[in-house]
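Student: Got a minute to walk through this model with me? I'd like to ask things as they come up.

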Amino acid sequence: MSSRRQFLRQSLAFSALAAMGRSDAFAAPKPGKDARHLLVVGDWGYEDPTAQISVARAMGDYARQHSLHAEALLMLGDNWYGELPGGVDCPRWKSNFEDAYPASLFPGPAYAIPGNHDYQVMPESKLAAELAYAKRPGTRWTMPSLWYRVELPAKNPVMTVIALDSNVNIPGHPAKHPNFTLTEAQQAEQLLWLEAELSKPLNTSFLAVMGHHPIYSDGPHGDHSVLISDWEPLLRKHKVHLYLAGHDHDLQHLEFANHPTSFFLSGGGGADLYKLKIQQSERGPFAQKVYGFSHIEMTPELLTLRHLNEQGQQLHAFTKRPDNSVQIIST
């Protein structure tokens with residue numbers, strides 16, 4: 001396992017190389033006939049929905065402005081902070097999901113994963129409600145299980161997404177409540193499943209893994225020792241293109257020299273923002289304390305990933321090819 005110092009050196013080396021090949025001219029997205037689109041948001045279901053609604057409105061305006069048909073939303077966890085009274089019948093489902101991300105603008109499935117706040121029992125299990133809501137007829141909310149695999153888009157897929165439950169036990173850091181994490185048996189079962197899924201032949205150009213907790217983060221939660229031990233070697237071994245996460249309330253993109261995976265964090269969906277612990281000048285190429293969302297544009301030959309603020313303005317963008325090469329478009 002590489003130390004933080006080694007990774008800082010690797011990141012700086014990457015940033016220097018990326019700067020040489022950076023293209024600062026950026027055009028608004030003009031989808032080609034083969035382009036497909038995903039919108040990404042994490043840490044959105046805050047008790048005070050003011051920032052969430054602002055970000056959600058920007059997502060809708062962005063989709064309209066650029067005539068984007070989002071094949072799906074990727075919801076990166078911490079879907080519900082605070083109480084969810086009534087479970088599946090709680091009115092927050094309508095106000096903060098159905099109405100905030102309306103089917104008229106986002107008709108595709110909303111693929112969700114659990115965050116730590118979703119594990120809270122207040123007094124009933126929010127996670128049980130999320131799994132149950134996914135079974136309601138006609139809902140876009142999609143959480144078939146705690147971990148699952150999906151190919152996107154459904155027709156002529158371009159990217160395989162492996163959705164995981166990152167709420168694992170951290171030795172020496174007991175959970176605040178026994179229901180805040182997977183059991184040890186579940187954790188072991190998921191790891192075996194992940195290894196098996198990553199070993200399968202890939203039928204798409206790109207492979208992504210998403211979990212609520214970042215493996216590496218410049219935010220206050222920092223790097224995750226268990227995920228570094230259990231998941232990161234598998235990402236490297238199987239040349240996973242993207243790792244998508246939330247948890248730290250900001251937007252980040254981290255690259256490490258000689259690592260195939262781009263670490264793309266979108267945690268600015270509405271919860272209170274966190275101050276960065278490591279600045280992007282130290283480890284990047286991008287990290288910013290800001291509300292916002294993310295856009296993944298897909299063709300079989302190229303991914304274009306963008307971070308956008310709550311006004312829908314682009315803050316950072318880069319491209320990723322099937323061979324895992326990266327180019328920074330703008331910073």
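Student: Where does aspartate 43 lie?
Tutor: Aspartate 43 is in the loop between strand 1 and helix 2. Helices here are DSSP runs of H or I with at least four residues, strands are runs of E with at least two, and both are numbered from the N terminus. Keep in mind that this is a predicted model, where local features need pLDDT of at least 70, side-chain atom pairs count only at pLDDT 80 or more, and totals for chains, interfaces and linings use all residues. Residues are numbered from 1 along each chain as its sequence is written, and side-chain values use heavy atoms, with hydrogens and water left out.

Student: What's the phi of aspartate 43?
Tutor: Phi is positive, about 55°, although aspartate 43 is not a glycine.

Student: Buried or exposed, that aspartate 43?
Tutor: Buried, with a relative accessible area of 0%. Buried means under 20% relative accessible area, exposed means over 50%, and partly exposed is in between (1.4 Å probe, protein chains only).

Student: And what about asparagine 324, what's its phi?
Tutor: Phi of asparagine 324 is near 75°, again in a residue other than glycine. Asparagine 324 sits in the loop between strand 14 (314-320) and strand 15 (326-330), and it is buried at 14% relative accessible area.

Student: Switching to prolines: which residue does proline 153 share a cis peptide bond with?
Tutor: Leucine 152, with omega about -10°. Proline 153 is in the loop between strand 5 (148-152) and strand 6 (159-163). The bond from glycine 284 to proline 285 is cis too, with omega near 25°, and proline 285 is in strand 11 (residues 285-288).

Student: OK, aromatics. How many aromatic pairs are there in the whole structure?
Tutor: The search finds 18. Rings of Phe, Tyr and Trp (its six-membered ring) pair if their centres lie within 6.5 Å; planes under 30 degrees apart are stacked, over 60 edge-to-face, and the rest tilted. One pair is tryptophan 44 with tryptophan 141, edge-to-face at 6.2 Å centre to centre with 65° between the planes.

Student: Why does that pair tie together parts that are apart in sequence?
Tutor: Tryptophan 44 is in the loop between strand 1 (36-41) and helix 2 (50-65), while tryptophan 141 is in strand 4 (residues 141-142), so the pair joins parts 97 residues apart in sequence. Tryptophan 44 is buried at 0% relative accessible area, and tryptophan 141 is buried at 1%.

Student: Which residues are in the cluster linked by ring pairs?
Tutor: Trp44, Trp80, Trp93, Phe97, Tyr101, Tyr133 and Trp141.

Student: Tyr133 is in helix 4, right? Which residues of helix 4 are buried?
Tutor: In helix 4 (residues 126-133), the buried ones are Lys126, Leu127, Ala129, Glu130 and Tyr133. Seen down the axis of helix 4, they fall within an arc of 160° (taken from the directions from the helix axis to the C-beta atoms), so they line one face. The cover over those buried residues includes helix 3 (92-98) and strand 4.

Student: Any holes inside? How many cavities of 30 Å³ or more are there?
Tutor: Two. On a 1 Å grid over the protein atoms alone, a cavity is a set of points where a 1.4 Å probe fits but cannot get out, and lining residues have an atom within 4 Å of a point. Points are joined across faces, edges and corners, and the volume is the space filled by probe spheres set on them. The largest has a volume of about 50 Å³.

Student: What lines the largest cavity?
Tutor: Val168, Gln187, Gln190, Leu191, Val226, Leu227, Asp230 and Trp231. Helix 5 (184-199) and helix 6 (225-230) are the elements that give two or more residues each to that lining.

Student: And the second largest cavity, how much space is in there?
Tutor: About 40 Å³. Its lining takes its largest share, three residues, from strand 10.

Student: Last one: is serine 104 buried or exposed?
Tutor: Exposed, at 68% relative accessible area. Serine 104 is in the loop between helix 3 and strand 3 (110-112), and its C-alpha atom is 9.5 Å from that of glycine 60, 44 residues away along the chain.

Technical notes:
On a 1 Å grid over the protein atoms alone, a cavity is a set of points where a 1.4 Å probe fits but cannot get out, and a pocket is an open set with protein on both sides within 12 Å along at least five of seven lines; lining residues have an atom within 4 Å of a point. Contact means heavy atoms within 4.5 Å.
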